[in-house]
2 protein chains.
Amino acid sequence: MTKNPKQPTMIDVAHLAGVSPMTVSRALKPNTSVSEATRSKIRAAADELGYVLDSTAAGLSSRRTGFIAVTIPSINNANFADTLRGLTQVLRATNMQVLLGYTDYDVAEEERLVEQFLRRRPEAIIVTGHAHTDRCRRMLEKCGVPVIEMWDLPENPIGQVVGFSNAQAAKLMVDHFVGQGYRKIGFIGGDPSRDTRGQDRRQGFLAALEAHGLDTSRMIAAQRPPITMREGAHSMRLMLEKWPDIEALMCVSDLSAFGAMTECQRQGLRIPDDIAIGGFGAYDLAEQALPPITTIDVSSENIGRIAAQVIQNLLSSEATKTSETIHRIEPKLLARDSSLRHTER
Amino acid sequence: MTKNPKQPTMIDVAHLAGVSPMTVSRALKPNTSVSEATRSKIRAAADELGYVLDSTAAGLSSRRTGFIAVTIPSINNANFADTLRGLTQVLRATNMQVLLGYTDYDVAEEERLVEQFLRRRPEAIIVTGHAHTDRCRRMLEKCGVPVIEMWDLPENPIGQVVGFSNAQAAKLMVDHFVGQGYRKIGFIGGDPSRDTRGQDRRQGFLAALEAHGLDTSRMIAAQRPPITMREGAHSMRLMLEKWPDIEALMCVSDLSAFGAMTECQRQGLRIPDDIAIGGFGAYDLAEQALPPITTIDVSSENIGRIAAQVIQNLLSSEATKTSETIHRIEPKLLARDSSLRHTER
DNA sequence: CGGTCAGATGATATCGATAACAGTTTCCAG
DNA sequence: CTGGAAACTGTTATCGATATCATCTGACCG
C-alpha cells in the first residue's frame with residue numbers, strides 16, 4: 001500500500017476543471033448560479049479525483065455545522081428510539097446530522113455530553129427531560145442556539161418544549177382502573193431518585209389515588225432505572241408477598257408490566273381476573289402479549305417529528321419569533337384485555 | 001434579548017489571561033508542558049468567559065476530528081442498540097464521538113449515509129454487514145481510514161471484520177431441533193432480498209436441514225425486514241394453514257419468534273408440546289417470555305466492544321500493522337423450554 | 001562559572017472551505 | 001446601439017484552532 005494518498009481538496013478539483021476553488025464550492029451546492037457546462041465539468045473532475053467535500057472546513061467557514069445534538073436517557077429503549085426515528089426522518093430532508101448521546105438516566109453524564117456536544121457547535125440541541133445539573137443548565141442557556149426539552153413539561157423551560165405531563169398520563173391509568181371497579185391499586189417503578197419521568201408518573205399516580213380516596217401504600221421501588229422485564233417480575237413477587245390482596249397494578253413502563261404479568265402467570269394468577277395490569281409507552285410488546293397489555297401512548301415518534309419541525313422553523317424563518325414555546329402532547333390510554341372486566345370486552 | 005452575544009474564542013481567553021492563544025490551546029489539553037500557574041490562570045479566564053472549545057476548528061487544524069462513523073440497519077433493534085452501547089462505552093475513554101446513522105436495511109441508503117459521513121472526516125468507519133453498493137464499496141476502500149464490517153463474515157472484507165457466521169448460527173438451531181427429535185422444521189423470516197443477515201440465516205438453515213436429510217419446504221417469507229412481532233404472528237398463521245404438521249419452527253429473530261409463539265398459544269397450541277420454537281438474538285424478551293424461548297446469542301454488545309478496541313489499536317499504535325483482520329465471534333445456542341422435550345428439562 | 005538541556009511560551013503558517021465583494025459577460029429593452 | 005440588470009466567475013479575507021519551529025528561562029553539572 002502506498003503512502004497515505006492524501007485526499008484531494010477543492011483546489012485540486014478546481015485545477016483539474018480549470019476554474020477557481022470558489023466556483024467549485026458553488027458548483028457542488030444546489031441553488032447557486034453556476035452555468036450548467038461548468039457545473040458538469042466540475043462534477044466530472046470531482047468524480048475523477050474521488051473528491052469528498054470536507055464539512056469540517058465548510059462548517060468552520062460558514063458557521064453552519066449541520067449538527068443537531070440530541071441526548072436521550074437510553075439507547076435500548078423503544079420509546080426513545082422511536083423519537084429518534086421521527087426526528088431523523090424529518091431532518092433527513094434538511095441534510096442535518098444528529099449527534100446522539102445517551103445519559104444512562106444520569107444528569108452528571110448529561111452535563112458531560114452537553115459539554116462535548118457544544119464543542120461541535122450544533123445548530124440546535126435537544127435534551128430529554130427537565131432535570132439538569134446547574135452547570136448544564138447554564139451551558140444550555142448561554143450556548144446561543146435553540147434548546148428543546150422533550151418528553152416532559154418543565155416548570156422553567158430553557159427554550160422550547162415538546163412533551164407531555166407524565167403525572168397526567170399516570171392519572172389516566174388510575175382513572176381507568178377505578179372506572180373498571182378496581183380499588184386496591186399498586187405501582188411498580190424504578191428508584192425515584194434517578195428517573196424523573198418515572199418519578200413524575202409515580203407522583204401523578206399517587207395524586208390520582210388520593211383524589212379517589214384510595215389507599216396509596218402499594219408501591220414498590222426497584223433498582224435504578226431503567227427497570228427491565230426481569231426487575232418487573234421480581235418486583236411483582238415482592239408486591240404479591242406484601243400485598244396479596246392487590247387488584248390492579250400500574251408499571252412505569254410496558255417492559256416491567258410484561259415482566260410483572262408473566263410473573264403473575266407463572267404463579268397461576270389470571271390476568272385480568274385475578275390482577276389487572278397496566279403499563280406505559282405503547283410498546284409493540286404490550287400489544288402482542290397474551291393478554292394484550294393496557295398502556296399509555298405518548299406517540300414517541302411524534303415527539304421526535306415535532307421537535308424536528310420546531311427546529312426547522314427556528315433555523316429557517318428569521319421572523320417567526322418564538323411562535324410557541326410549549327408543544328404539548330396528549331397521552332392516550334389504550335385499554336386492552338389486561339385490565340378490562342369481561343363484561344366490557 | 002441582545003444581539004447574538006457571539007461566543008468567545010481562544011483569543012479572547014488568551015487576552016484575558018495575558019498569554020498567547022497557543023498557550024491557551026495547550027493549557028486546555030492534558031499532557032502538555034504548561035506551568036501549573038499559567039494553566040489555572042487560563043482555566044479561570046475560560047470559565048469567566050464561558051469559553052467552549054470549537055472542535056470544528058480544532059479538527060480542521062489537527063486533522064483529527066474525533067468522529068467514528070457507524071451505520072446500523074435499524075435503531076429500533078435491541079441487538080444493534082447493544083452493539084452501539086458496547087462501542088460507546090469503550091470509546092468514551094478516548095473522547096471519540098460516534099456519528100450514528102441507520103440504513104433501514106437498504107444499501108442505497110447506506111451509500112447515502114457513508115457519503116455524508118465521509119465528509120465529516122471520521123477517523124474510522126464501521127458498517128453493518130457485507131452488502132454494499134459498488135459506489136459505496138469504492139468510497140470505503142478509498143477513504144483512507146480504517147473500515148470495519150461487523151455482524152457478518154464477508155467473503156471479501158474491505159478492512160477489518162468483527163462478526164460471526166449467520167449460517168453457522170442457524171445450523172446450531174437446526175442441530176438442536178434435530179437433537180430433540182424434531183423432524184418437520186420450518187423457518188419464518190423477512191423478504192430475502194433485503195436483509196442479508198436474515199438471508200444468510202435462511203441459507204444456513206436450509207443447508208443444515210439438507211445435511212440432516214430433512215424436508216426444506218416449510219419456509220415463510222414475510223414483508224421487508226425487520227419483521228416484527230405482529231408479522232411473526234401473521235406468518236405463523238400462514239405456516240399453520242399450509243403445513244399444519246409442523247413440529248418445530250425457527251424464526252429470524254426473537255421478536256418474530258415471540259409473535260409466532262403467542263399466535264400458537266392463541267390457537268390453543270402448547271409450546272413446545274405441539275410446536276417447538278426458536279428465535280435469534282438473545283433478546284430479554286426471549287428469556288422472560290412464557291415459556292422462555294430458545295435462542296442464539298451472538299453477544300451483540302461484545303461485537304461493539306471489540307470493534308471499539310480494534311479501532312483504538314489501529315489509531316493509537318502506529319506499528320501494529322493490521323495485526324488481525326477477522327475477529328470472529330462464536331454464536332451460542334441458549335436452549336430453553338420453548339424447544340426442550342419434557343424429559344430433558 | 002560557562003555550557004547544556006529540558007520546560008515554558010510565543011510567532012507564524014497553515015488546515016479546507018465559504019462570505020463578501022468585485023469584475024466580466026450576456027442579453028434585452030428602449 | 002447602448003444602458004443596465006442578471007448571470008456567472010474570480011479575488012481576498014477570514015473562520016478558530018493547532019503544528020512547527022524559534023526563543024527564552026533557569027536548573028544542573030563538572
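## Close-up views of a two-chain protein model with DNA

Helix 4 of chain B gives five residues to the surface near DNA strand D, the largest share of that surface. Here, helices (H or I, at least four residues) and strands (E, at least two) are DSSP runs, numbered from the N terminus, and a residue is near a strand if one of its heavy atoms lies within 4 Å of it. Everything shown is a predicted model, in which local features need pLDDT of at least 70 and side-chain atom pairs count only at pLDDT 80 or more, while totals for chains, interfaces and linings use all residues. Residues are numbered from 1 along each chain as its sequence is written, chains are lettered from A and ligands numbered from 1 in the order in which they are written, and side-chain values use heavy atoms, with hydrogens and water left out.

**View 1. DNA strand D is surrounded by 25 residues.** Look for A:Thr38, A:Arg63, B:Met10, B:Ser25 and B:Tyr51, which are the closest. Of the atoms of DNA strand D that come within 4 Å of the protein, 60% are sugar and phosphate. Helix 2 (21-27) and helix 4 (55-62) of chain A, along with helix 2 (21-27) and helix 4 (55-62) of chain B, each supply at least two residues of this surface. By class, the surface near DNA strand D holds eleven nonpolar, ten polar and four charged residues. For these classes, Ala, Val, Leu, Ile, Met, Phe, Trp, Tyr, Cys and Pro count as nonpolar, Asp, Glu, Lys and Arg as charged, and the others, Gly among them, as polar.

**View 2. Phosphate oxygens of DNA strand D lie beside A:Thr38, A:Ser35 and B:Asp54.** A polar side-chain atom of A:Thr38 is 2.4 Å from a phosphate oxygen. From A:Ser35 it is a polar backbone atom, at 3.0 Å, and from B:Asp54 a backbone N or O atom, at 3.2 Å.

**View 3. DNA strand C also has 25 residues around it.** A:Met10, A:Ser25, A:Tyr51, B:Thr38 and B:Arg63 come nearest. Sugar or phosphate makes up 65% of the strand C atoms within 4 Å of the protein, and bases the rest. A polar side-chain atom of A:Tyr51 sits 2.3 Å from a phosphate oxygen of DNA strand C, and a polar backbone atom of A:Asp54 sits 3.2 Å from one. On chain B, a backbone N or O atom of B:Ser35 lies 3.0 Å from a phosphate oxygen of this strand. Helix 4 of chain A brings the largest share of the surface near DNA strand C, five residues.

**View 4. Chain A and chain B each put 55 residues into their contact (heavy atoms within 4.5 Å).** Together the chains bury about 5100 Å², 50% of it on carbon and sulfur atoms; buried area is the accessible area (1.4 Å probe) that two parts lose on being put together, summed over both. The rule finds 26 residue pairs in polar contact across the interface, both at pLDDT 80 or more. A polar contact is a pair of N or O atoms within 3.5 Å; within protein, one must be able to donate a hydrogen and the other to accept it, and residues adjacent in sequence count only if both atoms are side-chain atoms. Helix 5 of chain B gives eight residues, the largest share of the side of chain B that touches chain A.

**View 5. A:Arg92 and B:Glu109 meet through their side chains in a salt bridge.** The N to O distance is 3.2 Å. Six salt bridges are counted between chain B and chain A, each a side-chain nitrogen of Lys or Arg within 4 Å of a carboxyl oxygen of Asp or Glu.
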